[in-house]
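Colleague: Could you walk me through this one? I'd like to start with a single residue and work outwards.

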4 protein chains.
Amino acid sequence: MTASLQAPLSQDLFNHRADDIAAAGKYAADHGWTPATSSNFSARLDEDHIAVTISGRDKGRLGREDVMVVDYQGRPVGSSHRPSAETLLHTQIYQRFPEAQAILHTHSRVQSVASRLYADAGIVRFEGWELQKAISGHTTHESVIDVPVLPNSQHMPELMAKVDAWLDAGKPLYAYLISGHGIYTWGRDMNETLRHLEAFEFLLGCELDLRRLTR
Amino acid sequence: MTASLQAPLSQDLFNHRADDIAAAGKYAADHGWTPATSSNFSARLDEDHIAVTISGRDKGRLGREDVMVVDYQGRPVGSSHRPSAETLLHTQIYQRFPEAQAILHTHSRVQSVASRLYADAGIVRFEGWELQKAISGHTTHESVIDVPVLPNSQHMPELMAKVDAWLDAGKPLYAYLISGHGIYTWGRDMNETLRHLEAFEFLLGCELDLRRLTR
Amino acid sequence: MTASLQAPLSQDLFNHRADDIAAAGKYAADHGWTPATSSNFSARLDEDHIAVTISGRDKGRLGREDVMVVDYQGRPVGSSHRPSAETLLHTQIYQRFPEAQAILHTHSRVQSVASRLYADAGIVRFEGWELQKAISGHTTHESVIDVPVLPNSQHMPELMAKVDAWLDAGKPLYAYLISGHGIYTWGRDMNETLRHLEAFEFLLGCELDLRRLTR
Amino acid sequence: MTASLQAPLSQDLFNHRADDIAAAGKYAADHGWTPATSSNFSARLDEDHIAVTISGRDKGRLGREDVMVVDYQGRPVGSSHRPSAETLLHTQIYQRFPEAQAILHTHSRVQSVASRLYADAGIVRFEGWELQKAISGHTTHESVIDVPVLPNSQHMPELMAKVDAWLDAGKPLYAYLISGHGIYTWGRDMNETLRHLEAFEFLLGCELDLRRLTR
């Protein structure tokens, strides 16, 4: 059952964004990044609404009926479903990054393991990898990209406060990990967001491999 | 040749459960969790019968003709085929867990290796992983999930006694490993059982990776 | 171009065996066990002939035209193609194991790495793995299965002499590895041979993982 | 939009080479060797032109419209698109190796990690692997194949000078790695180039595995 939207929210826009989310979900699931119905995805609809996956659905077989509309306070709009428990992490990113149009949160094994391994350091630093150029705004492997690792919490305001603190300190942010959990990343459209996700997954995998080989 | 069932066992019910088993088998085989015709699967039919895979079949290409009916003592009903040698481990779970409707037993490389590695400890403990929430009844990564590792045996009553002992001690049980062998897990329907299997496979993989990186 | 056979060799028999070889090749290639046109496969035709893959073909896209007939001295029959350079290793197995009907030789990464790692020991020993039961004649994980590792050579008689020496010593043989190279295994039909290949690939992978985790 | 070519460049030839590039790209992408729109591919057209992938395209979904023509100085011919930033590395190889007809440059995790690991040594040496025979001109595992590892640079002439220095020293060259980046390899047609790529990917993976197991 597709969410019915109040005017002036366009059903066409919703359908388009929900289809983007479903396609990205299939790609992520096919790569094994969304085990056991984990992960959640969203896309910005307008100044008041986002589209976000309904809690607990199989991320490899999403349809429009698995996506719902919420406002920027995370409240359902025109739906009695429960949005992902982490919806407020999505709305926070849309509010802090006006250019962000899509967000992907996944739980790959590499992401989960790296997030535990670097939890104490609170950061993963990427240096010297050509694939850093896949992150928008980076034109050389000589750049440095820091991805913070937040302690996990079931209480969203705690996580949001950590993200706000990082941003309020003026530090660049392209993605963040939550310990034992997964990654959040975003972009100016779904394709860029998928490229960022794929790049961070790759870079984290390289860091783990190199660590195994050089310790 | 589909098993012919005695009244009042419904052929429709058998077909439905056999189709569930075949779909789960394909999913598990596609992920490489059922090498060399290993693994076995079942579903509860009624108070007297379960459906279980016939011994030795390729788990990635199961049809209704690869599934048979047995009673709770593991005796074939309406079939001259030999059920999986481990059928009594299935019936034990259905008897001890009235809500269990489906059981999956697989042999992935991660399961086999982890079961050998933790055989002496007799247990794998999961703590701090968000994906623990995929196990029914768990709402936070702060929970602790213990999965026992039983010594392997070709004699089913030995294994059954270990499972009974664990349960009789009042300890929660969501799955168990058998050393050098694989995992048993179950759920309230086939979807939940698959989610549990996928979650435990993921969690075991994370534990092995983290151990490799931190020893 | 399918090989034309002299009477009394049946074209139907050849076609059937060539199709078996092609199907096994696709399975092995899909699993990544035949990189860069490596590997070779065969099936017994009759007391005087075997069917074997032509040298250098892509093992994931074999057709009947990629399979040729040779006699037990490895000489082409009814074909001007060059058989695999290792054809004599195939004919040796058919001569020493009258029940062998199919042989698969692959080059997976696990096989190549394990063969180097155990080259000095000259043997890989499997003990305590449930999947040993996938090797015909084994009914318990308590059995011991030894797979010899031969030094590599481009000179087939050298390799054949090592295989003969092992067999003449009365030791059981289900498969052998060649160092830096790959595995040979066989069975009473192509399905059994594939099951043996899949089981040894799995067991070698488990041994490598366990070694990485426990050294 | 397919590039329109000036006479006497044949549109048929371009289409044929672009289709080869697209097929190779799909194969490489399906194996995970081209993450996040990285990698670039080319084929020789004639004495004055090559076909090369346009910058930033998804390498798993290439069509003729994603391939453009450049001259041997890397200047676009009949196209306003931007060729890959590394086009001059392609033209250098075509100029130094008259028999080279196709070049593949990919970014697999194995390639990226190995290139960092062997960056200080400046070389990866392969010895004793049967799969070395997949590199044209090699007929035994007893050969030695050296693959240089160049320091990464965003400035192509720096990289070209390193390649020239290696060749001018009279050393054989079948492929080279760039640190933290990926591999370049080539062949007398696209099939041979793909075989070389697959062989080097395999050999690098074996070296990393063996190193993990024996350090």
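Colleague: Okay, which backbone oxygen lies 3.0 Å from a polar atom of the side chain of Ser143(A)?

Modeller: This is a predicted model, where local features need pLDDT of at least 70, side-chain atom pairs count only at pLDDT 80 or more, and totals for chains, interfaces and linings use all residues. Side-chain values use heavy atoms, without hydrogens and water, residues are numbered from 1 along each chain as its sequence is written, and chains are lettered from A and ligands numbered from 1 in the order in which they are written. Ser143(A) sits in the loop between β6 (123-127) and β7 (144-150) of chain A, where helices (H or I, at least four residues) and strands (E, at least two) are DSSP runs numbered from the N terminus. The partner of the Ser143(A) side chain, at 3.0 Å, is the backbone oxygen of Thr140(A).

Colleague: Is Ser143(A) buried or exposed?

Modeller: The cut-offs are under 20% relative accessible area for buried, over 50% for exposed, and partly exposed in between (1.4 Å probe, protein chains only). Ser143(A) touches Phe126(A), Glu127(A), Gly128(A), Gln132(A) and His138(A), leaving out residues up to four places away in sequence; contact here is heavy atoms within 4.5 Å. Its relative accessibility is 16%, so Ser143(A) counts as buried.

Colleague: What about Val147(B): what is its relative accessible area?

Modeller: Val147(B) belongs to strand β7 (residues 144-150) of chain B. Beyond four places in sequence, its contacts are Gly122(B), Ile123(B), Val124(B), Phe126(B), Ala175(B), Tyr176(B), Leu177(B) and Phe200(B). For one of these, Phe126(B), the C-alpha atom is 8.2 Å from that of Val147(B), with the two positions 21 residues apart along the chain. Val147(B) is buried, at a relative accessible area of 2%.

Colleague: Now the backbone. Which residue of chain B has a positive phi although it is not a glycine?

Modeller: Look in the loop between α1 (11-30) and β1 (40-44) of chain B. The residue counts as buried there because its relative accessibility is 4%. Phi is about 55°, and the residue is Ala36(B).

Colleague: And Thr37(C), what is its phi near?

Modeller: Thr37(C) is in the loop between α1 (11-30) and β1 (40-44) of chain C. With 29% relative accessibility, Thr37(C) counts as partly exposed. Its phi is positive in a residue other than glycine, near 65°.

Colleague: On to the assembly. How much area is buried between chain D and chain A?

Modeller: On the contact count, 22 residues of chain D meet 23 residues of chain A. Arg109(D), Arg116(D) and Gln154(D) supply 32% of the area that chain D buries against chain A, more than any other three residues. Buried area is the accessible area (1.4 Å probe) that two parts lose on being put together, summed over both. Carbon and sulfur atoms give 59% of a total of about 2,000 Å².

Colleague: Which residue of chain A forms a salt bridge with Arg109(D)?

Modeller: A salt bridge needs a side-chain nitrogen of Lys or Arg within 4 Å of a carboxyl oxygen of Asp or Glu. The rule finds one across the interface of chain D and chain A. Its closest N and O atoms are 2.8 Å apart, and the partner of Arg109(D) is Asp209(A).

Colleague: Over at chain A and chain B, which element gives the most to the side of chain A that touches chain B?

Modeller: There, 22 residues of chain A are in contact with 23 residues of chain B, and Asp209(B) forms a salt bridge with Arg109(A), at 2.8 Å between the closest N and O atoms. The elements giving two or more residues to the chain A side are α3 (109-117) and α5 (190-214) of chain A. With five residues, the top contributor is α3(A).

Colleague: How far apart are the nearest C-alpha atoms of chain A and chain C?

Modeller: Chain B and chain D have no contact, and their closest C-alpha atoms lie 10 Å apart. Chain A and chain C do not touch either, and their nearest C-alpha atoms are separated by 10 Å.

Colleague: Last one: what ipTM does the predictor give the complex?

Modeller: Chain A averages a pLDDT of 94, with 96% of the residues scoring at least 70; pLDDT is the predictor's confidence in each residue, from 0 to 100. For the complex, the pTM is 0.95 and the ipTM is 0.93.

Terms used: Polar contact = N/O pair within 3.5 Å; in protein donor to acceptor, adjacent residues only side chain to side chain.
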